[in-house]
Amino acid sequence: MATPESDWYKPEVMVIGDVKVPSILDDFIDNHPSIVDRFYTKLYSLPDGEPAEPHQILFHSNRICLVGLAKEHVAFKKGIRSVSFEVGKIDRSENKVSGRKKKGGMVLQADTVLALVTCEDDSVYSLRSCVQGKLIEVNNRITSKPEILSIEGEGYVAIVMPKLENCAALKEKLLSVEAYQNVVKVE
């Protein structure tokens, strides 16, 4: 009868043409970059020039943008109680798109409000798209678990797809990581 110990992985020495093949366990990288660090360009926006309310835009090479709050946003310091996609008469979570061209997606301007964030002290902050393009989807998980807003890559508020011809201008308009850090340190 087999015991759990006998079923445990035992490395085999493999030799191919007089060359010893290293074990895959030897190739493990402990500090492997995250998916966000590998596949997205981090850009920042300061709506209304307010350094206390920065937004982070994760820009993928396929032009998809994940829009969220930067970790330095004042809402994180105050504690986020709730997130609502009901802005005025429009509920952004009702947005439905279909097809390759994302037909039916709401057209957003850079200053369009995507969501309202309510803090523990009852202050309300508006999260703007910062990107002109189509609203592909919103992250409905943050309405029931607003604490995931602080998780980079998972706590995005919305996915926005800018027009292909606007991507270069968009990248120039937003702040790079270095430029953003200089602004945050100065303020």
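Which residues point one way from strand 13, and which the other way? In this predicted model, A158, V160 and P162 point one way from the strand, I159 and M161 point the other way, and all are buried.

## Strand 13 and its partners

Strand 13 covers residues 158-162, and because five of its five residues are buried, the strand is largely enclosed by the rest of the structure. The arrangement of its side chains can be set beside a general rule: in a regular strand the side chains alternate between the two faces of the sheet.

Strand 13 is joined to strand 5 (residues 65-69) by three bridges, and these two strands run antiparallel; within this pairing, L66 stands opposite I159 of strand 13. Strand 12 (residues 133-138) is also joined to strand 13, here by five bridges and again in the antiparallel sense, and G133 has P162 in strand 13 as its bridge partner. I159 and P162, which appear in these pairings, belong to the two opposite sets of side chains described above, with I159 pointing one way and P162 the other, and both are buried.

## The open sheet 6-10-11

Strands of a sheet pair through backbone hydrogen bonds, either parallel or antiparallel. An open sheet of three strands has the order 6-10-11, with antiparallel pairing. Its edges are formed by strand 6 (80-84) and strand 11 (124-128), each of which pairs on one side only. On average, and with direction ignored, neighbouring strands of this sheet are turned by 25 degrees against each other.

Between strand 6 and strand 10 (residues 113-119), the antiparallel pairing extends over four bridges. I80 has its bridge partner in strand 10, namely C119.

## The aromatic pair

A search of the whole structure finds one aromatic pair. Its members are Y44 and Y180, whose ring centres lie 3.9 Å apart and whose planes meet at 5 degrees, so the pair is stacked; planes under 30 degrees apart count as stacked. Y44 lies in strand 3 (residues 40-45) and Y180 in helix 6 (residues 177-186), so the pair ties together parts that are 136 residues apart in sequence. Y44 and Y180 are both buried.

## Salt bridges

Five salt bridges are found in a search of the whole structure, and among them are two that involve K42. The side chains of D37 and K42 meet at 3.3 Å, N to O, while in the salt bridge between E152 and K42 the closest N and O atoms are 3.2 Å apart. The pair of E152 and K42 links distant parts of the chain, with E152 in the loop between helix 4 (141-144) and strand 13 and K42 in strand 3, 110 residues apart. As for accessibility, D37 is partly exposed with a relative accessible area of 45%, K42 is partly exposed at 21%, and E152 counts as partly exposed at 28%.

Another of the salt bridges joins K78 and D121, with the closest N and O atoms 3.5 Å apart. K78 lies in helix 3 (residues 74-78) and D121 in the loop between strand 10 and strand 11, so this pair ties together parts that are 43 residues apart in sequence. K78 counts as partly exposed at 32% relative accessibility, and D121 counts as partly exposed at 44%. Through shared partners, salt bridges join D37, K42 and E152 into one network.

## Surface patch and positive phi values

M14, I16 and V21 make a nonpolar surface patch of about 270 Å². V21 has its place in strand 2 (residues 19-21) and is partly exposed, with a relative accessible area of 31%; this value fits its membership of the patch, because patches are made of residues with over 30% relative accessible area.

Two residues other than glycine have a positive phi value. D18, whose phi is near 70 degrees, is placed in the loop between strand 1 (14-16) and strand 2, and at 79% relative accessibility it counts as exposed. K102 has a phi of about 55 degrees and is found in the loop between strand 8 (90-91) and strand 9 (107-108), where it counts as partly exposed at 23% relative accessibility.

Methods
Residues numbered from 1 in each chain as written. Predicted model: local features only at pLDDT ≥ 70, side-chain atom pairs only at ≥ 80, totals over all residues. Heavy atoms only, no water. Pairing = 2+ DSSP bridges. Axes fitted to C-alpha atoms, helices over the stretch in contact; angles between N-to-C directions. Patch = residues over 30% accessible without salt bridge, like charges linked within 9 Å, V, L, I, M, F, W, Y side chains within 5 Å. Areas by Shrake-Rupley, 256 points an atom, 1.4 Å probe, with all protein chains shown as cover. Salt bridge = Lys/Arg side-chain N within 4 Å of Asp/Glu carboxyl O. Buried < 20%, exposed > 50% of the residue type's maximum accessible area, 1.4 Å probe, protein only. Phe/Tyr/Trp six-rings, centres within 6.5 Å; stacked < 30°, edge-to-face > 60°.
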